[in-house]
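User: I should like to learn how to read the features of a protein model. May we work through one together?

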Amino acid sequence: MTPAPVIIAVDGRSGAGKTTLAVELAARLRQHHKVSLFHLEDIYPGWNGLMPGIERYVGTVLKPLSEGMAAEWTSWDWEKHYDGGLNVTLPAEIVIVEGVGAAADAARSMLDAVVWVESPGDDRRRRALTRDGSTYEPFWDSWAAQEDEWLSTDQVISAADVRVQNLADGSAPDDVLQALMYLPSVASILSPELSSRRGLQLRSERLEATPDAELLFSSLYGKSTNAVWLDSSNATAVAGRSQAAARSRFSILADDGGTFGQSVLHRSGTTHVTAGSASVRTSGPFFRWLDSVWGRRAVRAPRGYDGQFTLGWLGYLGYELKRETGGNDVPSDTPDAALLFAGRAVVVDHREQTVWLLALDAPDAEEWLREARSAVGAAGAGAAAAVPAAVAAAAAVPAAHHAIPSGTVPEFVSRDSATDYKRKIAHSQHHISEGNSYEICLTTTLESPAGSLDPWASYLALRRRNPAPFASYLRFGELVVASTSPERFLRIMSDGGMRAEPIKGTRGRSADASEDAALRHDLETSLKDRAENIMIVDLLRNDLSHFAIPGSVTVSRLCAIESYATVHQMVSTIDAHLRPGAPRAEALAAAFPAGSMTGAPKISTMDILDQLESGPRGIYSGAIGYFSLNAATDLAVVIRTLVVNPDGAGGRTLSLGVGGAITADSVADDEYQEIRTKAFGVLSTLGADFPD
């Protein structure tokens with residue numbers, strides 16, 4: 001008896017293209033494995049034999065194969081309408097079973113992976129009759145009725161590990177193979193396929209250009225379902241080689257198109273990855289999944305390229321992932337994480353006034369490089385004539401009205417009234433007096449119907465009104481994130497260098513120069529704000545030390561003041577160096593969520609916040625950024641961020657999180673005024689008021 005094989009079932013309704021998919025998938029797997037293939041159509045006892053056929057298949061074929069033994073089974077003679085000859089299917093390293101019912105309930109305990117193939121009904125009928133000719137046509141309706149009856153009681157579709165929308169364009173086998181690599185049950189046997197995918201080659205082009213980033217993103221990714229723009233929108237305001245300028249040097253534009261494109265959504269312990277026409281579902285912690293796809297150096301940066309991003313995953317991690325890092329499990333309406341894998345991207349180097357086109361070598365890479373090269377040229381200096389009239393008109397309007405067509409100004413409602421928020425401040429201070437926390441970052445959420453608000457136009461207005469080093473525009477279908485964050489959460493460079501730059505301490509700006517200078521001085525000399533900042537610095541020093549080389553954790557900048565369009569901020573910088581070989585996803589998890597958004601000590605304070613706050617934070621307080629193929633990451637804290645939530649029972653909605661650090665010395669009125677100040681940049685851009 002040979003060892004038990006890995007068994008993959010390819011199931012779906014008749015005509016969905018299962019047979020072709022199974023044959024092509026077997027051909028790809030045979031490059032590295034011994035593969036057996038069994039078709040259920042060989043065993044069904046006639047046109048009314050779906051359920052008896054499933055029973056035969058499970059008992060005479062699947063059971064012995066799952067035990068590593070040869071399967072002896074009786075075929076069906078479709079011409080004589082009677083049992084045919086005796087057949088033998090030998091076990092192999094991988095066995096693929098294909099047909100309607102291959103993953104039926106009675107079979108699933110013996111399967112390692114279930115692939116469900118989907119296709120529109122009209123396409124299925126046409127394909128089936130084209131394949132089998134007129135012999136099938138009289139039986140199509142009765143066979144379909146048997147499928148309906150079976151599926152009415154069998155949860156095979158929801159139990160599928162991989163679902164593929166078979167477009168019959170030849171893409172499904174590669175997409176399914178890529179999806180299967182994410183399943184722990186089969187990943188180990190697919191190690192040769194995984195190794196071949198890790199042998200990636202990075203193509204690059206350097207262009208001397210200063211394109212209009214708005215036009216470039218719109219041109220390349222305006223119609224993409226999923227797209228990300230990590231937008232250093234204040235790059236022109238911080239020229240030079242300061243730390244602020246370094247944070248603002250690069251912008252990244254990408255989507256999940258092309259050969260390597262993928263997207264992932266994670267909710268409450270379940271990860272859904274979409275690779276082309278296939279999607280795969282796995283269970284387990286998000287950070288464990290992240291460790292399986294990121295953290296090893298898979299490509300080298302191009303010669304002369306100073307950026308850390310060399311293609312990879314981009315998107316956001318929501319605050320509720322804290323359930324994996326010591327926090328409570330609080331369900332959220334938005335996905336806990338949303339990322340796309342960019343196998344090609346545009347990187348704008350604002351300091352050098354160059355553009356880098358990056359693409360993994362693939363059959364479609366040359367065509368994309370040509371398209372991207374053309375788009376960069378069209379969006380370059382002198383492309384003003386190409387600006388759409390609506391965008392040009394918007395640019396001439398004062399910033400506060402860029403995104404606001406008549407009658408669509410959002411009317412926000414706060415999760416907490418002023419009285420409620422101040423009462424929660426008092427509760428926070430009680431916890432501090434009891435020794436349960438030193439500092440509690442109390443937040444609330446402003447919400448509004450989205451109406452006809454245009455997310456893209458709104459973001460363009462926000463980036464002009466509030467330029468920031470970590471501004472970003474993320475689109476995952478109907479879910480849109482428009483952020484003007486100034487705060488870095490965590491950077492891990494390819495060589496292991498680590499940096500966190502927490503912000504604690506805020507003052508509004510004034511149009512009067514002397515008053516503005518006084519506000520900045522007030523922040524700079526505030527003992528309370530310095531105490532808040534230093535507590536978070538100590539927390540982050542501890543977070544980074546878990547995976548840092550001993551002695552490498554240093555504070556290179558303490559309580560410095562940085563000024564942005566609408567606020568002055570107090571910022572510190574903590575540096576460290578990752579231990580060689582340390583798992584980078586775990587190092588990230590050790591620091592997540594950002595201490596500047598929780599307080600200290602982190603775990604007990606998060607528990608207090610769950611008691612005080614009236615609902616999940618969702619994306620707010622999480623992180624936005626990238627996970628690069630050279631093992632680097634750079635993530636911003638999700639603050640100053642507008643989220644456009646997809647249609648629900650009440651239609652599209654907007655949400656804006658705001659909050660501040662509460663200490664024993666906090667004054668409730670001042671803290672409430674601070675959250676109004678933080679919300680002002682976003683609300684004023686939308687023409688909206690803070691709800692009182």
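User: Leaving aside its neighbours within four places in sequence, with which residues is Asp-306 in contact?

Analyst: The model is a predicted one. Apart from neighbours within four places in sequence, Asp-306 touches Arg-249, Phe-250 and Arg-351. Asp-306 itself belongs to the loop between helix H12 (286-293) and strand S14 (312-317).

User: Is Asp-306 buried, exposed or partly exposed, and how far apart are Asp-306 and Ala-92 in space?

Analyst: A residue counts as buried under 20% relative accessible area and as exposed over 50%. Asp-306 has a value of 46%, so it is classed as partly exposed. Between Asp-306 and Ala-92 the C-alpha to C-alpha distance is 49 Å, with 214 residues separating them in sequence.

User: How should I read the chain as a whole, and how many helices and strands are there in it?

Analyst: The protein chain holds 21 helices and 31 strands. Its C-alpha trace spans about 100 × 65 × 55 Å along the principal axes. A compact globule of 692 residues would have a radius of gyration near 26 Å, and the 28 Å of this chain agrees with that. Of the 692 residues, 57% count as buried. Considering contacts between residues at least 6 apart in sequence, 74% join residues at least 24 apart.

User: What can be said of the surface and of the charged side chains?

Analyst: About 27,600 Å² of the protein chain is exposed, and carbon and sulfur atoms supply 51% of that area. The chain carries 63 positive and 85 negative side chains, and the centres of these two sets lie 5 Å apart.

User: How does one read the faces of a helix, and which residues of H20 are buried?

Analyst: The general idea is that an α-helix has 3.6 residues a turn, so residues three or four places apart point the same way. In H20, the buried residues are Lys-602, Thr-605, Met-606, Ile-608, Leu-609 and Leu-612. Viewed down the helix axis they fall within an arc of 160 degrees, so they line one face of H20. Ile-603 and Gln-611 are exposed on the other side of H20.

User: Against which elements do the buried residues of H20 pack?

Analyst: Their partners are helix H15 (418-433), strand S19 (439-449), helix H18 (527-545), H19 and S27.

User: Which residue follows Phe-592 across a cis peptide bond, and where is that residue found?

Analyst: The bond from Phe-592 leads to Pro-593 and is cis, with omega near -10 degrees. Pro-593 lies in the loop between helix H19 (584-591) and strand S27 (599-600). There is also a cis peptide bond from Ala-600 to Pro-601, with omega near -10 degrees. Pro-601 is in the loop between S27 and helix H20 (602-612).

User: How should I read phi, and what is its value in Ser-621?

Analyst: Here one looks at the sign of the angle and at the kind of residue. Ser-621 has phi near 80 degrees, a positive value in a residue other than glycine. Ser-621 sits in the loop between H20 and strand S28 (623-628), and its relative accessible area of 0% makes it buried.

User: Where is Arg-640 found, and is Arg-640 buried or exposed?

Analyst: Arg-640 occupies the loop between strand S29 (633-637) and strand S30 (641-645). Its phi is positive, about 50 degrees, although Arg-640 is not a glycine. With a relative accessibility of 13%, Arg-640 counts as buried.

Technical notes:
Residues are numbered from 1 along each chain as its sequence is written. This is a predicted model: local features need pLDDT of at least 70, side-chain atom pairs count only at pLDDT 80 or more; totals for chains, interfaces and linings use all residues. Side-chain values use heavy atoms; hydrogens and water are left out. Helices (H or I, at least four residues) and strands (E, at least two) are DSSP runs, numbered from the N terminus. The radius of gyration is taken over C-alpha atoms; the globule rule is 2.2 Å times the number of residues to the power 0.38. Buried means under 20% relative accessible area, exposed over 50%, partly exposed in between (1.4 Å probe, protein chains only). Contact means heavy atoms within 4.5 Å. Accessible areas come from the Shrake-Rupley method with a 1.4 Å probe; for residues, only the protein chains shown count as cover. Lys and Arg count as positive and Asp and Glu as negative; His and the chain ends are not counted. The place of a charge is taken as NZ of Lys, CZ of Arg, CG of Asp or CD of Glu. The arc is that of the directions from the helix axis to the C-beta atoms.
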